[in-house]
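User: I should like a close look at a single part of this protein, set in the context of the whole. Please keep the account formal and connected.

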Amino acid sequence: MKICLAYASRTGNSELIANQLISKLEMSGNSIDVIKIEPETMPRFFGAGAKSMKQEEMKLKNTEVDIGQYDLFIIGGPVWAGRPSPLFASFLELVKNAEGKKAAYFVTQITPIGKNKEMPGVMKNNLNKKGFDIVGEPLILRMKKGEFLDGEENIDDFVKAIGE
Ligand SMILES: Cc1cc2nc3c(=O)[nH]c(=O)nc-3n(C[C@H](O)[C@H](O)[C@H](O)COP(=O)(O)O)c2cc1C
């Protein structure tokens with residue numbers, strides 16, 4: 001499968017997961033193009049939280065991405081203020097030819113899995129608005145400073161579910 005994986009990461013946790021997914025998906029024979037979602041200016045903690053509560057669009061260094069050639073699109077990044085970082089939605093604005101494409105997503109967070117109640121709904125809405133068909137269950141990882149607190153055991157199942 002040809003996969004496009006886009007991720008955002010402010011403090012490295014989501015980047016760690018992106019890298020694990022890339023190597024696992026490549027080992028099972030997929031080819032992957034990776035895009036790091038980069039804001040023009042990374043907000044500080046309180047600015048990031050405020051932007052996330054409003055899901056405010058953020059200016060990115062990234063340019064338009066045509067995903068027409070891919071079989072699967074994966075997007076991942078942190079939860080901010082109970083919602084997916086607005087970097088997700090800001091990046092999706094740049095994605096072209098998403099209609100009917102398969103998509104999967106992952107998030108990293110500090111609170112226990114299941115606690116960020118608004119996150120899945122916002123993610124689903126963001127992806128459905130673009131016409132994506134979400135496959136499998138999202139991968140949600142509870143992490144602190146690069147260490148897993150919960151969810152690590154779901155990484156292989158996620159890779160298996162989306163790789164099929
Ligand atoms: C502004 C801000 C708000 C956050 N709010 C939440 C939150 O509501 N719930 C949560 O579980 N984690 C929250 N976190 C923690 C991050 O989701 C967590 O540290 C994540 O793994 C960071 O990913 P990164 O290292 O890829 O940036 C917040 C972090 C920041 C910077």
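What span should the 15 residues of helix 1 have at 1.5 Å a residue, and how far apart are its end C-alpha atoms?

Analyst: The model is a predicted one. At 1.5 Å a residue, helix 1 should span 21 Å with its 15 residues, and its end C-alpha atoms lie 22 Å apart, so the expected and the computed values agree.

The faces of helix 1 can be described next. Asn13, Ser14, Ile17, Ala18, Leu21 and Leu25 are buried in helix 1. Because these residues cover an arc of only 130 degrees around the axis, they are on the same side of helix 1. Ser23, Glu26 and Met27 are exposed on the other side of helix 1. The partners of the buried residues of helix 1 are strand 1 (2-7), strand 2 (31-36), strand 4, strand 7, strand 9 (139-144) and helix 5 (155-163), against which they pack. After helix 1 comes Gly29, with a positive phi near 95 degrees.

Helix 1 also takes part in the surroundings of the ligand. There are 21 residues around the ligand, and Ser9, Ser14, Pro78, Thr108 and Gln109 come nearest. Two or more residues of this shell are given by each of helix 1 (13-27), helix 2 (45-54), strand 4 (72-80) and strand 7 (102-109). Ser14 therefore has two roles in this description: it is one of the buried residues of helix 1, and it is among the residues that come nearest to the ligand. By class, the shell holds 8 nonpolar, 11 polar and 2 charged residues.

Helix 4 (residues 119-129) may be set beside helix 1. Its buried residues are Met119, Met123, Asn126 and Leu127. They cover an arc of only 90 degrees around the axis, and are therefore on the same side of helix 4. Gly121, Asn125, Asn128 and Lys129 are exposed on the other side of helix 4. The buried residues of helix 4 pack against strand 4, strand 5 (83-84), helix 3 (86-92), strand 7 and strand 8 (133-134). Strand 4 and strand 7 thus appear among the partners of helix 4 and also among those of helix 1. Helix 4 is followed by Gly131, which has a positive phi near 95 degrees.

The loop between helix 4 and strand 8 holds Lys130. This residue is partly exposed, because 18 other C-beta atoms lie within 10 Å, whereas a buried residue has 20 or more. Apart from its neighbours within four places in sequence, Lys130 is in contact with Leu92, Val95 and Ala98.

Positive phi values also occur in residues other than glycine. One of them is Gln55, with phi near 50 degrees, which is placed in the loop between helix 2 and strand 3 (65-66). Asn97 likewise has a positive phi, near 60 degrees, and belongs to the loop between strand 6 (95-96) and strand 7.

As for the whole protein, the secondary structure comes to 5 helices and 10 strands. A compact globule of 164 residues would have a radius of gyration near 15 Å, and the 14 Å of the protein agrees with this. Buried residues make up 40% of the 164 residues. Of the contacts with a separation of 6 or more, 79% are between residues 24 or more positions apart.

How values were computed:
Residues are numbered from 1 along each chain as its sequence is written. This is a predicted model: local features need pLDDT of at least 70, side-chain atom pairs count only at pLDDT 80 or more; totals for chains, interfaces and linings use all residues. A residue is near a molecule or strand if its C-beta atom, placed from the backbone, lies within 6 Å of it. Helices (H or I, at least four residues) and strands (E, at least two) are DSSP runs, numbered from the N terminus. Ala, Val, Leu, Ile, Met, Phe, Trp, Tyr, Cys and Pro count as nonpolar, Asp, Glu, Lys and Arg as charged, and the others, Gly among them, as polar. A residue is buried if 20 or more other C-beta atoms lie within 10 Å of its own, exposed if 12 or fewer, and partly exposed in between; C-beta atoms are placed from the backbone. The arc is that of the directions from the helix axis to the C-beta atoms. Two residues are in contact if their C-beta atoms, placed from the backbone, lie within 7 Å. The expected span of a helix is 1.5 Å times one less than its number of residues. The radius of gyration is taken over C-alpha atoms; the globule rule is 2.2 Å times the number of residues to the power 0.38.
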